[in-house]
Structures are given as C-alpha cells and as structure tokens.
Amino acid sequence: MAEIVYPPVIGAALTLFRALDLKIRIEGADRIPRTGGAVLVSNHISYLDFIFAGLAARPSRRLVRFMAKKEVFDHRISGPLMRGMHHIPVDRAAGAAAFGAALKALRAGEVVGVFAEATISRSFTVKEIKNGAVRMAVGANVPMIPVALWGTQRLWTKGRPRKLLQRHVPITILVGEPMHPKRGDDYDAVTADLHGRMSAMLDEAQRGYPEIPPGVWWQPRHLGGTAPTPEEAAKLDAAETAARAAGNTP
C-alpha cells in the first residue's frame with residue numbers, strides 16, 4: 001500500500017524528540033521480524049504510546065498498524081492522519097469488523113499493534129487483558145510480541161495536563177521474546193502468560209529507569225509513587241464509564 005503519510009509523521013516525531021532531547025532507550029528491537037505478519041502487544045500508559053511502541057519496529061524497517069478507538073478516526077485532525085497511516089479503527093459496538101480488518105492486515109504481512117488493556121492504566125501497572133491479541137495471532141498464524149513502555153506517561157496521560165514539550169525525559173521501550181500461540185491452546189492461559197510477561201517487563205523498565213524519585217504522581221504506588229493503586233484505578237475507570245453512559249462526558 002502507498003505510504004505517503006506514515007514516513008513524514010515518523011520523521012516529524014523524531015525531529016521533535018531530538019529537539020526535546022528525549023532519552024529514548026529501545027531494547028530487543030531485533031525480536032520484531034523484518035518480514036511477515038506479527039501482533040505487537042503493548043502496555044498502555046499514555047495517549048502517545050502508539051508513537052513510541054511504533055519506534056520499536058523502526059530498526060526492522062516495519063510500520064505498525066495500530067488498532068485504535070473509532071473516535072480518534074472521527075476527529076477532524078487526527079482522523080486523516082490515522083487513516084493515512086492505515087491504522088485500524090475499533091468500534092466497540094461492532095468489534096468483529098476491526099478483528100476482521102486486523103486479520104486481513106496480518107495475513108498480508110503487516111505488523112498490527114494492540115493495546116490489550118484497551119484503556120490507559122491509571123495505576124501504571126498492567127491491567128486485566130482480554131484474549132483478542134492471542135486470537136488474532138492464532139487466526140493469522142503469526143507471532144505475538146510483548147512490549148513494555150515506561151516514561152511516556154510523563155508527557156500526556158489520563159487525568160493529567162499535557163506536557164508535550166518537556167525536555168530530557170527518559171523513555172524506555174522493551175521488546176520481549178516472541179510468543180507463538182497455536183490452535184488448540186488454552187487462549188485464556190496464553191493470555192495470562194502474556195500478562196505475566198508484560199508485567200515483568202514493565203517492572204524491569206520501572207526499576208531500571210534513570211529517575212526514581214519518591215512521591216511523584218507518575219510512579220506506581222508499589223514503587224513509592226502516588227499513582228492510584230490498581231483497585232483505586234478500577235473504581236475511577238468504572239465511574240468514568242458510568243458517566244459516559246449517562247452522557248456526562250464526551
């Protein structure tokens with residue numbers, strides 16, 4: 001497919017990151033195949049995660065097609081960019097269409113990016129994940145590759161003001177060993193394994209981060225930060241969902 005939009009967007013992002021002197025560290029990028037389909041499964045802590053997760057595939061010269069909620073595609077600014085980069089819209093009321101589009105892309109040899117938690121984790125731990133990524137990998141007979149991001153939440157995350165022009169922020173991107181789920185596997189067990197791997201990778205990224213100040217909002221509670229606990233975050237998410245259903249939020 002024609003790539004008119006994606007390369008310039010990546011170039012613009014990298015230029016900005018260099019200007020801001022973001023300290024981006026990528027490990028394990030060689031685990032992303034140079035050819036053929038793959039499902040890239042990342043944790044989700046920032047509205048910018050698709051940019052940084054996509055950078056993990058850059059050394060392999062791959063462009064990742066991310067699955068993102070339909071509302072992003074409906075926006076007058078982000079919509080044309082998302083469509084131009086051939087990302088995949090997800091309508092939560094009609095998920096089968098998005099799943100089918102992802103399978104088609106995978107079978108055509110594309111790398112498809114998935115945020116298995118569906119929404120941003122306010123606790124900065126890995127939330128419960130569903131088995132959709134596993135089913136996609138099995139359906140297309142492609143590997144599933146876990147990714148852990150850390151530091152991106154400092155730029156823009158849920159419930160916090162955007163700080164897109166912060167300088168010198170360290171960003172960690174870890175790519176894990178590929179997983180190869182097959183038909184006949186217990187998908188829920190494979191998903192639990194995936195969750196465990198992503199959690200371990202995220203913990204590694206957090207504990208190896210260059211800055212670990214106590215009491216900061218962007219640090220998880222179990223590492224001395226003031227982010228909500230997973231239980232508190234779940235209550236905040238439930239309240240937000242209820243408010244949206246009642247029409248009290250956009």
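Asn141 counts as exposed at 55% relative accessibility, where exposed means over 50% relative accessible area, buried under 20% and partly exposed in between (1.4 Å probe, protein chains only). Welcome to a short tour of this predicted model, in which local features need pLDDT of at least 70 and side-chain atom pairs count only at pLDDT 80 or more, while totals for chains, interfaces and linings use all residues. Residues are numbered from 1 along each chain as its sequence is written, and side-chain values use heavy atoms, with hydrogens and water left out.

**Overall build**

- The protein contains eight helices and seven strands; these are DSSP runs numbered from the N terminus, helices being H or I of at least four residues and strands E of at least two.
- The radius of gyration is 17 Å, which agrees with the value near 18 Å for a compact globule of 250 residues; the radius is taken over C-alpha atoms, and the globule rule is 2.2 Å times the number of residues to the power 0.38.
- Along the principal axes, the C-alpha trace spans about 45 × 40 × 35 Å.
- Contacts (heavy atoms within 4.5 Å) often link distant parts of the chain: among those between residues at least 6 apart in sequence, 73% join residues at least 24 apart.

**Surface and charge**

- About 12,400 Å² of the protein is exposed, with carbon and sulfur atoms supplying 57% of it; the areas come from the Shrake-Rupley method with a 1.4 Å probe, and for residues only the protein chains shown count as cover.
- There are 33 positive and 23 negative side chains, where Lys and Arg count as positive, Asp and Glu as negative, and His and the chain ends are not counted.
- The centres of the two charge sets lie 6 Å apart, each charge being placed at NZ of Lys, CZ of Arg, CG of Asp or CD of Glu.

**The interior**

- Of the 250 residues, 46% count as buried.
- The largest nonpolar core has 66 residues, and Val39, Phe52 and Met144 touch the most other members; such a core is a set of buried Ala, Val, Leu, Ile, Met, Phe, Trp, Tyr and Cys residues joined through side-chain atoms within 4.5 Å.
- Setting aside residues up to four places away in sequence, Phe52 touches partners including Phe17, Leu22, Ile24, Ile171 and Ile173.
- Pro170 belongs to strand β7 (residues 170-175) and counts as buried at 5% relative accessibility.
- Beyond its neighbours within four places in sequence, Pro170 is in contact with several residues, among them Lys23, Trp150, Arg154 and Tyr209.
- The C-alpha atoms of Pro170 and Ile88 are separated by 29 Å, with these positions 82 residues apart along the chain counted as their sequence separation.

**Two loop residues with positive phi**

- Most residues other than glycine have a negative phi.
- Ala118 has a positive phi of about 75° although it is not a glycine; Ala118 sits in the loop between β5 (111-115) and α6 (132-140) and is exposed, with a relative accessible area of 52%.
- Asn141, our opening residue, also is not a glycine and has a positive phi of about 55°; its place is the loop between α6 and β6 (144-150).

**Two more residues to visit**

- Val5 lies in the segment before α1 (6-20) and counts as partly exposed at 25% relative accessibility.
- Leaving out residues up to four places away in sequence, Val5 touches Leu81, Gly84 and Met85.
- Val5 and His86 are 81 residues apart in sequence, while their C-alpha atoms are 9.1 Å apart in space.
- Arg107 is part of helix α5 (residues 95-107) and counts as exposed at 56% relative accessibility.
- Not counting residues up to four places away in sequence, Arg107 touches Gly139 and Ala140.
- From Arg107 to Ala38 the C-alpha distance is 9.2 Å, and the two are 69 residues apart in sequence.
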